[in-house]
Amino acid sequence: DLRKMRENDPAVTKLVSETDDKDWVFAEQWTQFGRDVSNSSYLRTLEIYDVLNDYGVAAFFRGLTRSNSLRKFKLASSEYSLIGVESMLPFLQNASSLECFELRHNNDGFTSEEFSLIWGALRDSHIKKLSLFNCGLRSIDIDVTYVPSKLVALNLSCNFINADGCREVAKLLRMTNTTLEKLYLGVNDIDDEGLSFLVQ
């Protein structure tokens with residue numbers, strides 16, 4: 001499927017990569033893979049598992065800086081932090097068709113800084129679903145002036161969000177013009193105080 005995608009075959013609309021990082025030794029290979037995805041006119045879904053650290057993510061997104069076809073992107077079971085997230089931002093700002101962006105099982109863990117960068121980059125996007133599932137989030141800072149205008153679902157399950165995080169999430173729930181319909185906060189550190197912010 002990778003070869004067919006590189007040939008811009010209309011039959012390849014979904015690509016799942018489970019390559020071990022040691023199989024792709026050189027950063028140039030990840031960068032070329034990113035370029036191939038960017039150049040595809042038909043790829044709708046890309047899922048990458050168990051492969052990337054900060055430098056691998058940065059190499060991949062050097063090639064993938066925009067896409068007119070991708071609707072769903074998932075990166076799971078990797079180990080990256082601020083460097084990796086910063087490298088994603090041009091893609092997030094220039095992916096004109098992206099509707100679903102999922103980061104799952106990030107073993108390095110995110111801080112509020114990584115969350116804020118992703119949130120801000122999606123401000124003018126068409127994103128409908130954002131998932132940061134099991135990404136080690138302990139704190140978040142939600143700027144309500146940056147809320148993606150079409151956001152329908154936000155998944156922050158399996159993190160370490162506490163009462164302070166619930167106070168931030170509650171900002172979204174209080175917005176009168178919100179498009180948010182589904183909010184997932186299961187398996188976090190939410191106590192009665194946190195719940196009180198969410199139900200007010």
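Ala76 counts as buried, at 3% relative accessibility, and its place is in strand S3. Keep in mind that this is a predicted model. In that model, Ala76 and Glu18 are 58 residues apart in sequence, yet their C-alpha atoms sit 9.8 Å apart in space. Below is a run through the whole chain, then a handful of residues worth clicking on.

**The chain as a whole**

- The protein chain has seven helices and seven strands.
- Going along the sequence, the order is α-β-α-β-α-β-α-β-α-β-β-α-β-α, so you start and end on a helix, going by how helices and strands are assigned here.
- A compact globule of 200 residues would have a radius of gyration near 16 Å, and the protein chain, with 17 Å, agrees with that.
- Along the principal axes, the C-alpha atoms fill a box of roughly 55 × 35 × 20 Å.
- Take the contacts between residues at least 6 apart in sequence: 80% of them join residues at least 24 apart.

**Surface and charge**

- Of the 200 residues in the protein chain, 49% are buried.
- The accessible surface adds up to about 9700 Å², and carbon and sulfur atoms account for 45% of that surface.
- The chain carries 22 positive and 29 negative charges, and the mean positions of the two sets are 8 Å apart.

**Ser69, in a loop**

- You'll find Ser69 in the loop between helix H3 (54-63) and strand S3 (72-76).
- Despite the loop setting, Ser69 has a relative accessible area of 2%, which means it is buried, the cut-off being under 20%.
- The Ser69 side chain has two backbone oxygens to look at: that of Leu43 at 2.8 Å, and that of Ser40, which lies 3.1 Å from a polar side-chain atom of Ser69.
- Setting aside neighbours within four places in sequence, Ser69 is in contact with Ser40, Ser41, Tyr42, Leu43, Arg44 and Ser97.

**Asp54, in helix H3**

- Asp54 belongs to helix H3, and with a relative accessible area of 10% this acidic side chain's residue is buried.
- The side chain of Asp54 reaches the backbone nitrogen of Ser81 at 2.8 Å.
- A polar atom of that Asp54 side chain also lies 2.7 Å from the backbone nitrogen of Gly84.
- Ser81 and Gly84 both turn up among the contacts of Asp54 beyond four places in sequence, a list that runs Glu79, Tyr80, Ser81, Leu82, Ile83 and Gly84.
- For a sense of distance, Asp54 and Gly120 are 66 residues apart in sequence and 20 Å apart in space, C-alpha to C-alpha.

**Asn159 and its surroundings**

- Asn159 lies in the loop between strand S6 (153-155) and helix H6 (163-174).
- Its relative accessible area is 4%, so Asn159 is buried.
- A polar atom of the Asn159 side chain lies 3.1 Å from the backbone oxygen of Ser157.
- Beyond its neighbours within four places in sequence, Asn159 is in contact with Leu132, Asn134, Cys135, Gly136, Leu137, Val187 and Asn188.
- One of those contacts, Val187, comes up again in the next group.

**Two residues with positive phi**

- Some background first: most residues other than glycine have a negative phi.
- His105 has a phi near 55 degrees, a positive value in a residue that isn't glycine.
- His105 sits in the loop between strand S4 (100-104) and helix H5 (112-121), and at 27% relative accessibility it counts as partly exposed.
- Val187 isn't a glycine either, and has a positive phi of about 55 degrees.
- The loop that holds Val187 runs between strand S7 (182-184) and helix H7 (192-199).
- At 63% relative accessibility, Val187 counts as exposed, while Asn159, which is in contact with Val187, is buried.

Technical notes:
Residues are numbered from 1 along each chain as its sequence is written. This is a predicted model: local features need pLDDT of at least 70, side-chain atom pairs count only at pLDDT 80 or more; totals for chains, interfaces and linings use all residues. Side-chain values use heavy atoms; hydrogens and water are left out. Helices (H or I, at least four residues) and strands (E, at least two) are DSSP runs, numbered from the N terminus. The radius of gyration is taken over C-alpha atoms; the globule rule is 2.2 Å times the number of residues to the power 0.38. Buried means under 20% relative accessible area, exposed over 50%, partly exposed in between (1.4 Å probe, protein chains only). Contact means heavy atoms within 4.5 Å. Accessible areas come from the Shrake-Rupley method with a 1.4 Å probe; for residues, only the protein chains shown count as cover. Lys and Arg count as positive and Asp and Glu as negative; His and the chain ends are not counted. The place of a charge is taken as NZ of Lys, CZ of Arg, CG of Asp or CD of Glu. A polar contact is a pair of N or O atoms within 3.5 Å; within protein, one must be able to donate a hydrogen and the other to accept it, and residues adjacent in sequence count only if both atoms are side-chain atoms.
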